[in-house]
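Biologist: I would like a close look at a single part of this model. Please take one element and follow it outward from there.

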Amino acid sequence: MSATTDRTPDPASTPDAASSVENRESVRRRRAARPRGARQLDSTALIYLVLVGVIVVSAVLTAMEGRNFFSQGNIWAVLTAMSVLGLIAVGQTLVILVGSLDLSVPYVVSLSTVIAAGGMKGLDSNLSAALVNTLVVCAVVGFVMGVLVSVFDVHGFIASLGVGLIVSGYLATNYQGSHGDASPALELLGRSGIAAVIPTSFIILLVAALLVTLMLRYTRLGHHVYAIGGNRDVARLSGVRTALPVIAVHVLCSLLAGLAGLLLLSRTGVGLPTIGSQGRYDLLSIAAVVLGGTLLSGGKGSVVGTLGGVAIFAVLDNVMGVMQVNPFLKDFVRGLVIVLAVAVYARRSVVRRPPRFAGTRPSLPTPGSITGSTTKEETA
Amino acid sequence: MPPNTPTHDPGENALVATGMSKSFFGNTVLDGLDLTLRAGEVHGLVGENGAGKSTLMKMLAGVHTPDRGTIVVGGEEVSFSHPVQAQRAGVSTVFQEFNLLLERTIAENIWLGREPRRFGRFGPVDTARMRRDTEELLTGLGVSGLTAGTLVRSLSVAEQQIVEIAKAVSFDARVIQMDEPTAALADHEVELLYSIIRRLTDRGVAILYVSHRLKEIFDLCSTITILKDGQHVATRPATELSEAELVRLMVGRPLTTYFPDKPVDVAVGDVRLALSGVGNGYVDDITLDVRAGEIVGIAGLQGSGRTELLETVFGVHPVARGSIALDGSPLQVTSPRQGVRARLAFITEDRKAKGLALNQSILDNALGVVRSVFPRRTGTARREMPGVLSNLDVAAHSLSQEVQFLSGGNQQKVVLARWLSIDPLVVLMDEPTRGIDVGAKHRVYELMRELTRQGVAVLMVSSELPEVIGMSDRILVMRDGTLAGELPAGASEEAVLGMATGAASEEAA
Amino acid sequence: MSASTSSPAASTAGRTLPLTEGSRLQRVVRGALTPGGAVFILVAVLFVAVVWVNPSFGEPPQLIRFIGRTAPIAIAAMGQYYVIVSGEFDLSMGAVIATQVVVAGNYIGDDESRVLPAIALMLLIGVVVGLVNGLGTTILRVPSFIVTLGTMLALGGLVKYLTGGAATGNPVDTFREIGRGGVQDVPVLDVLPYSVIILVAVAVASVWLMRAPFGRTLIATGDNPDAAGLAGAKVWWVKTRAFILSALSATVAGILLVGYAGVHPSVGAGYEFQAITAVVLGGVVLGGGRGWVLSAAAGAFALELLFSFLNFLEIESTWRNTVQGVIIILAVAASARAWSLGRRPTSRSTPAAPAPSPTTARPGTETGEN
């Protein structure tokens, strides 16, 4: 939702020019006082630029291995890989936007696979009941986290860490290996797609991403999510009730993680209690969100950017697989990428107010003639 | 409602506040103030730092609840327990620190919490209407060339202020308060603000204009209210006042024999601290010197750069232009640690935020600087500390008591002990007696005299005019980031304030 | 603030303040009421509970073996304490342990002469990891939980890559004895495990360290980094040293764990969460500035006693994570408030921290005292 600076109409051409007090000169000088660097490349555009670069490099590397990056099968693989992480990352985007965090997603994913598979028991007739059960449980988990963060003032990191551990213990105790059986209809979904290029799961991701984007843009809830993440106190001053949006995004995040689990189930056919933690979805989803330009502190970012980040990871994974890079080394690279990504983006987000006396000012400035000026106001 | 039709009858009382009073922890900050704002009028509110202006504004804005007093807006008595209520009652405030979401657009900021919806209660947000309404607001203020979809972060400070004003107007405000609105504006931007204010008054809005820039007060205001020490001094039509008269009303207290006399046995020595043309992003062309055994006071109004000057000397901000010398040799500090090593002490303005670790004990806080920079001296410092603290009359149960439970005065004494332990050559003090009781103040003044006896050079920033005048051997006045001038000891409060505000004052020392 | 000092306090003005208030007994009681002190009571209570369920637990040989088994997590908890009290988190402990364990297995092998060089190498690795964590947090300004998660991922991947994911090589018995063995034929105790001796040594060193300037500066940095910086502390170096200590503690824990668990990349998995739980249980406030190092160790004992207790009640050990999760959440939600209740001075002097007026001024509306 990072709106770019619109093209402004020529002041003289505005219909009501007569009632405007500002002449052109004034407008020009006012614009000249704007902080430098505000016109840098929009971060969403940047991430997609990086994505294109990564794709190009990957295509080349793949070709060097004698394979075609853009083959039907390969694109299918990349898009499939994107769909699970993508759903989780979309949820994580919401939570990070509001200024919180969700480290419990791997366990919610695992929980979702075992509950759904256990409920379906391989029968289509159980499908809808199992789906509902699964999603309700996920929603409850999200609700608990949301309440901890908003009402009990526990930081999202701790709340989700704790809840994640709780779920993890439950899983470890009650499920020792594969569990249950997915219904054939679900498994069919996992295999289906358009023209064998675009898997259905990817379409589900796109639909979910679209719905969340619309929510962020066109509902009060969405606007308030950005506000609370941007500056909780400013939001409160404007009368925004901060508890509801926080709880809502945590519920949505857990629901999306549950949905991701269902997609995984459609491929594996059975519930697996460790599939979430093995997939390292907590760190990867945070990484995708940060790469996509969302600020870790909240208030700025987009689902579109996150999808770009997810795509980059999926493509990197794919090419590392083709080049037969040891899977464990992947983790090493990922860890490095994550830390560097956050470091780079963390610097970008610092807002520097222009100084009162810009460096090379020659003589004594007379009061009031300093352009674009402010200092950190000396608060008495 | 079309933005350009007059909304309120000129001449009627937009807001009448009576008997407004507020105390914090037994300190009366505002006592029985009456204020009447008439529609279509700009009413100026002046007073030096600490006079109570900001407290009054916050009460009218719904940030503080008054201990006593009534507020009547448009004929109806109101009380606010939350800023949103004040806004809804028609009182909007533009604070110095803007309450804007930087990563959101102008429209999103203005309509935060009140986003218009299509199709009634559960429909989606009507972004098109938000944009239209925003543009109407902006043109209604006479501003062109700002589009509703621009991110606030990419606006200049003046433009951000316009957004704040537009937001205030969007509440259909009868009263708009502005706190030091031109502090960060350039000349031509001030012109734009003037024209916006004129537009607002044409529409019957009452404006409460708080500023220390007296020129603007006289440019804009038809009535001026003067506060001093929380009391109402006068409310007069602007035509009946001159700048000098205004300054005289702002100050003028009975002299007190409150300050320890300057000791006769202090020999002011050589120049210890010398600044020559020092400048960076916060201050410009500062040339001053402080001699050993001397107390140099720095006066000036809020925002004049005094704290930033001390921070520059101490090494918090780098020196971009000019140079600093300590005892004759060049001083290059680029971090507080280097400042401490050079035996500079910095007593910050806000002891709770930057001067103490509140959860730690008195002893740990008092030894904090020594432990950080001169760890080997910890043993000696530890042995001497009980004596130092008792010399300062620190009142507590024991040295292991957490400082957060001490009174302000005792906390400040712990801060002093902390810095004395490094045997400083120069002591930089920022508002050394703010928020502390009379007894502790006296002890601090005595300590300052003792320091001069030991040959320490003291550079003191203070907003309390009596303090600056009573304690300083020389008074420097800052204004807008530079030195406005120097006054000798014992100068009048009017002379100091006059130099600080830039008012033409016929009174010299 | 003119009327705020109470008369008992005011009467001490001018006389030298005592180091601490009240008699020794009073101090102990006051200390026991803080979360940091209450954990010791918790340990006692849990100990009683375990003995009640399983009387042989209280026999000295059993007890000392229990302490020996708990030594690794207690040492790790003390390491995590340094990081948490400075206001950060170290989630890489488990990966560090796994790395050290694998180094022990692969590098030492059957060669006894390699034991000492191996230990040196492991300590070096610990220092490097701590440096990376510390610099990433302070210089790169990445939140510590991200940096250490990244380190965890990177180290974990590296380790699995080097070992191919399977247990490889067992180090020679002498090395394993550090964790497994002990002083034989001790009266009453039968065997005094080496790990207990190491634990006591580490505990003594930790207490000494926290009393030294470094330790006091560490806590002050966690309490108020701005004030610490203005007092001349090198905040980045203080925090980085905390991370180094944490990684070294994980290393020592790893060396001890080799004795029990053998060499496998999954040794130490989840250790960071156990350590954080122990620290939190010990009343150390997440966010820094409060807490005692021995309380962190006590928290580790409380946790292990709790697990033993649940074990004897035949609750599966797979519930451990859940228990930890609940403890973390409850402890965090309660801890910060509990500290201020326990430490208030006994008389009625007004606290300097302002009680919020009915409408506290919100940031963003500060206009200074005009």
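In which sense do E19(B) and strand E20 of chain B pair, and over how many bridges?

Modeller: A caution to begin with: this is a predicted model. E19(B) and E20(B), residues 482-488, pair in the antiparallel sense over 6 bridges. Within that pairing, B:Leu476 stands opposite B:Glu486 of E20(B). The two strands form a hairpin, with 2 residues between them. One turn residue, B:Asp480, has a positive phi of about 55°.

E19(B) itself spans residues 474-479. The strand is mostly covered, with 5 of its 6 residues buried. Strand E13 of chain B, residues 295-300, also pairs with E19(B). Here the sense is parallel, over 5 bridges. B:Val296 of chain B faces a partner in this pairing: B:Arg474 in E19(B) stands opposite. As a general point, side chains in a regular strand alternate between the two faces of the sheet.

B:Val296 leads on to the interior. B:Leu459 is in contact with B:Val296. Leaving aside neighbours within four places in sequence, B:Leu459 also contacts B:Leu273, B:Val290, B:Ile298, B:Leu310, B:Val426 and B:Leu428. B:Leu459 belongs to the largest nonpolar core, which has 375 residues. B:Leu459 and B:Leu428 are among the residues that touch the most other members of that core. So are B:Val496, A:Leu85, A:Ile88, A:Leu256 and C:Ala77. The largest share of this core, 16 residues, comes from helix H11 of chain A, residues 243-268.

Now the other chains. The contact between chains A and C takes 39 residues from chain A and 42 residues from chain C. On the chain A side, helix H6 (156-174), helix H10 (232-237) and helix H15 (327-348) each supply at least two residues. H6(A) gives the largest share of that side, 14 residues. By type, the chain A side divides into 26 nonpolar, 8 polar and 5 charged residues.

Chain C, the partner there, has 15 helices and 2 strands. Of its 370 residues, 51% are buried. Take the contacts in chain C between residues at least 6 apart in sequence: 79% of them join residues at least 24 apart.

Back to the starting point. E19(B) pairs with E20(B) in the antiparallel sense and with E13(B) in the parallel sense.

Methods
Residues numbered from 1 in each chain as written. Chains lettered and ligands numbered in written order. Predicted model: local features only at pLDDT ≥ 70, side-chain atom pairs only at ≥ 80, totals over all residues. Core = buried A, V, L, I, M, F, W, Y, C linked by C-beta atoms within 7 Å. Buried ≥ 20, exposed ≤ 12 C-beta atoms within 10 Å, placed from the backbone. Helix = DSSP H or I, 4+ residues; strand = E, 2+ residues; numbered from the N terminus. Contact = placed C-beta atoms within 7 Å. Pairing = 2+ DSSP bridges. Nonpolar A, V, L, I, M, F, W, Y, C, P; charged D, E, K, R; others polar.
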